[in-house]
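Student: I would like a close look at a single part of this model, namely the open sheet, with enough of its surroundings to place it. Please take me through it strand by strand.

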Amino acid sequence: MPDRRKIVGGMFLLTTAGLLLLVPPLVHLFNHDFTVLGVPQIVFYLFGVWLALIVGTGVLTSRLSPERPANGEEGEG
Amino acid sequence: MLSADFVIATAIAYVGLLFVLAYFGDRRAKANKRSWLNSPAVYTLSISVYCTSWTFYGAVGNAARSGLEFLTIYLGPTIVFVGWYFLLRRLVRISHLYRITSVADLLSSRFGKSSRLGVLVTCIAVIGIAPYIALQLKAVTSSIQAVAGSSEFGQGSLKGIDDVGLALGVAAGMALFTILFGTRHVDAKEQHHGVVAAIAFEAVVKLTALVAVGVFVVFIGGGFEGIFSQAAAKGIVMDTSTSFDSRWLTTLALSIAAIVCLPRQFQVTVVENSDENHLRIAGWAFPAYMLLMSIFILPIAIYGLTVMPEGSNPDMFALTLPLAAGQNGLALFAFIGGFSSATSMIILESIALSIMVSNHIIMPLVLRFSPPQYGDGQGVSRVLLVARRFSIMLILSLGFFYFFFTRDSDALAPIGLISFTAIAQFFPALLAAIFWKDASLKAVSMAILLGFVFWAWCCFLPSFDSVSPAVSQLLLEGPWGISWLRPEAMFGLEGWDPLAHAAFWSLSVNILTLTLGSLITTPSALERIQATAFVDVFRRPNLPQRNFLPGSATANDLYFVAERVLGEQRAAALFESAARDSGVDPIGFEPTPEFVGRLERELAGSIGAASAHVMLSKVVAGSDVSLEEMMQMADETQQVIVYSQELEKTSAELRTTAQKLEDANAQLRELDSQKDEFLSQVSHEVRTPMTSIRSFSEILLDGHSLDDTQRQRFVSTIHQESLRLTKLLDEILDLSALERGERNWQSQPVDADAALDRALSVCDALLRQKGMRVDHGDRAGPTMVEGDPDRLCQVFINLISNAVKYNDAAEPVVRITSALRSGNFVVEVADNGPGISKGERKLIFEKFSRGQRGAIDQAGAGLGLAISRQIVKRMKGTLDLAPSPLPGACFRLRLPVIRG
């Protein structure tokens, strides 16, 4: 199992990078007047970042070992 | 063909289906805790209650009007879920531990169990959500109208009923449904498994419906490319050059706050969460759900703009496009999808809000003004249920009134953003609550209040622009003509997008007040306790909370309180289990502070932390004042205690280390003195033969008068003495070589028992000389071990000759046995000599050590045992002293037997 702290660090990086990629100024880099298969570039970019975030989270989470549930006092109806 | 009546009947049938689902969901959850209702998939689907008819209808309209902006509403929550480990996990953990029931409960509990803060948050939430509920009513009304309007059967029974009447009907129906659904019983942790099951089902319905419409549109539009090129041909071009302005940032920030703070989102994500690990799936699955939801919105919007007649409502494209294409079945499915998204939102939002209202507003009032009524068995749960039903009606009425007043504004999305801005006012407080220990109640209350005032002025009020001339006047000129107070240009900040403007001012003021206020105010003791409990939730072991002094409440008083809130059954069960745990009879049960703490949390699960605290402090004497003092001290002394415990531990460790060092030192000293003694012994031993050798050789050198016999005798003495010297030196060399492992060493299978026999026959002469009797015990028979046969024999000889040499008994006996024990060949050599005194036992195997008695008359160098032990060690065996069957010493040798 990889180091837990590194994975958590990776998740933090993914979160902040995701946020940065979705706001100006970075988002302007991909906002040009040109289309891919008739669809504007920016639409591809935004959905691409979105998909990358989903996949990234899935991969990182799967490498993170599950935790014991916190609650010691379960068991009422 | 669709008629309005048919559509309404379908909707009602759909609601009936939901009800059945919820009913069986509840029964199933009750029967079996680990059913599929507890799966991460259901959890994720229930979170998608976030996608309301705002998504289903509004996002399409928004995309048609303002391009990509609709995406921010889903990208913000994506960020929050991608970072689930940092915020959501913490919230879920805290809420599980402290039985949090809502955002209001979280904030009130964290900030010193303050009822006032709970009331403030609840009021703001109820007012702030009204536009959001109105949005759903509007969407459902418009969708029914859209279907009915296109119907050739005309309006059916809707004839003569306008939007307002329809919306009223929808609101009333929803209220009834929600009451039937969500307020059937009061739960321990406010979990509604049945409702969640229904919501999850609705999530699937709305996703499938929207995807179906999307696929249909893409199909008839000739693919994504076809749709975009047709639009371009008609002059409809998506202008994205100005998309990423302040409004983009604002809506992104607002949606980040909303996914956490919206009452229904908090309810499904945090309160209804039954397992923290479900977040691991939801972290990527919920963003994926939203991605699927959004992927067809842009094509639907653009295709709608292209083919629908000028002036048609873009919000309804998802419905009107299939209708226009004559696909009535698909249109009906789309209608049910939109209806799903609206109903799930209304049901959950009003349940979540009604819990807040009943726990934070009605319950404290009931507690304050009603005399306690004991013995009706139902406890306050009945009051709670009634309170919740009224709250639901109140919330839906507010939504309806907002709809009524603003019915002329046509777009859906802006209405939702008004609610988002109101709810976002909780976000700074929420973050401070779980990350910042110094945040104080006063600062947080003031921050939320000021943020709310700015929201009401800059965001809520302007939404009545179209219906009230007074409001439009105000927007234009400001109150009493004060232009810098104009709601959409506060302090002269003109030319901004109104939403960005309102969000900027309200949130800036909010955050500034919170931080600055917290720095200049001092939190109370209870606040500090709660702050530590919340912020350090992952750091400290979760100690049971003790907020009350021991011995001040009787079990009876507490039981009455518990019965009032929890009802007879649960109260009795709680007390019985506590009595069982402490091992006493339920009648003789004395409440411990831990039990009072647990009871408080149980109560908090039903009526909120603040009310639970108030209720218990009524019966538990010596509560708040002395408690605060005590806690203040405890807070500070706790750290000192922890520190001193650490110190104690360290010093204990140091003590043991010092003791070990001392022992080692004593051993070293003793060895050293033994060595000195031995060296002098050795010098003596060496000197004696050397002296005789020297003197005899001198005599021989000078001796002319010696005859041959004498000469022969002197030479043989010299020879003998030099042999002795050589033997001594050989032994020393042998030992040091063994220790350094340099010696030629044969390793081969050896019959150990045969080696023992050989040793006995070698020693035979010695034994006879001493008149010693050999007592032959049991023998193991031929046994193979790995080692050097001569060396092994040497060890046996050494042991036997020691037994002979040191024996001074009148009838000396040596007893020799060998046996096989758990894979080892074990030889014991025992004698009836003087034995080895306790003090010598440790040293006997050391170099240069000799038994004390031996020192008197033995000429050995004291190396025999040391050498033997080295040899045995190299053969992977052990040589020790063992309890002797005879009065003297007993040596035990163990060697591993080779297998096969």
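Tutor: Of the 900 residues of chain B in this predicted model, 48% count as buried. The secondary structure of this chain comes to 34 helices and seven strands, and among its contacts with a separation of 6 or more, 83% are accounted for by residues 24 or more positions apart.

Five of the strands of chain B form the open sheet you ask about, in the order β2-β4-β5-β7-β6, with mixed pairing. Its edge strands are β2 and β6 (878-881) of chain B, each of which pairs on one side only, and from one strand to the next the twist averages 15°.

Starting from the β2 edge, strand β2 (residues 773-776) of chain B is joined to strand β4 (residues 813-821) of chain B by four bridges, and the two pair in the parallel sense. To fix the register here, one can take B:Arg773, whose bridge partner in β4(B) is B:Val813.

On the next step across the sheet, β4(B) pairs in the antiparallel sense with strand β5 (residues 824-831) of chain B, over eight bridges; within this pairing, B:Arg815 has B:Ala830 in β5(B) as its bridge partner. These two strands, β4(B) and β5(B), form a hairpin with two residues between them, and in the turn B:Ser822 has a positive phi of about 35°.

From β5(B) the sheet continues to strand β7 (residues 890-896) of chain B, to which β5(B) is joined by seven bridges, the two strands running antiparallel. In this pairing B:Val826 stands opposite B:Arg894 in β7(B). As a general point for reading side chains along such elements, those of a regular strand alternate between the two faces of the sheet.

The sheet also has a helix against it: helix α31 (residues 789-805) of chain B lies across β4, β5 and β7 of chain B, and runs at about 20° to β5(B).

For the wider setting, there is also the side of chain B that touches chain A, where 33 residues of chain B are in contact with 36 residues of chain A. Helices α4 (72-82), α5 (88-98), α10 (223-233), α11 (246-261) and α13 (278-295) of chain B each supply at least two residues of that side, and α13(B) gives the most, with six residues. By residue class, this side of chain B divides into 20 nonpolar, eight polar and five charged residues.

Methods:
Residues are numbered from 1 along each chain as its sequence is written. Chains are lettered from A and ligands numbered from 1 in the order in which they are written. This is a predicted model: local features need pLDDT of at least 70, side-chain atom pairs count only at pLDDT 80 or more; totals for chains, interfaces and linings use all residues. Two strands pair if DSSP finds at least two bridges between them. A residue is buried if 20 or more other C-beta atoms lie within 10 Å of its own, exposed if 12 or fewer, and partly exposed in between; C-beta atoms are placed from the backbone. Two residues are in contact if their C-beta atoms, placed from the backbone, lie within 7 Å. Axes are lines fitted to C-alpha atoms, for helices over the stretch in contact, and angles run from 0 to 180 degrees between N-to-C directions. Ala, Val, Leu, Ile, Met, Phe, Trp, Tyr, Cys and Pro count as nonpolar, Asp, Glu, Lys and Arg as charged, and the others, Gly among them, as polar.
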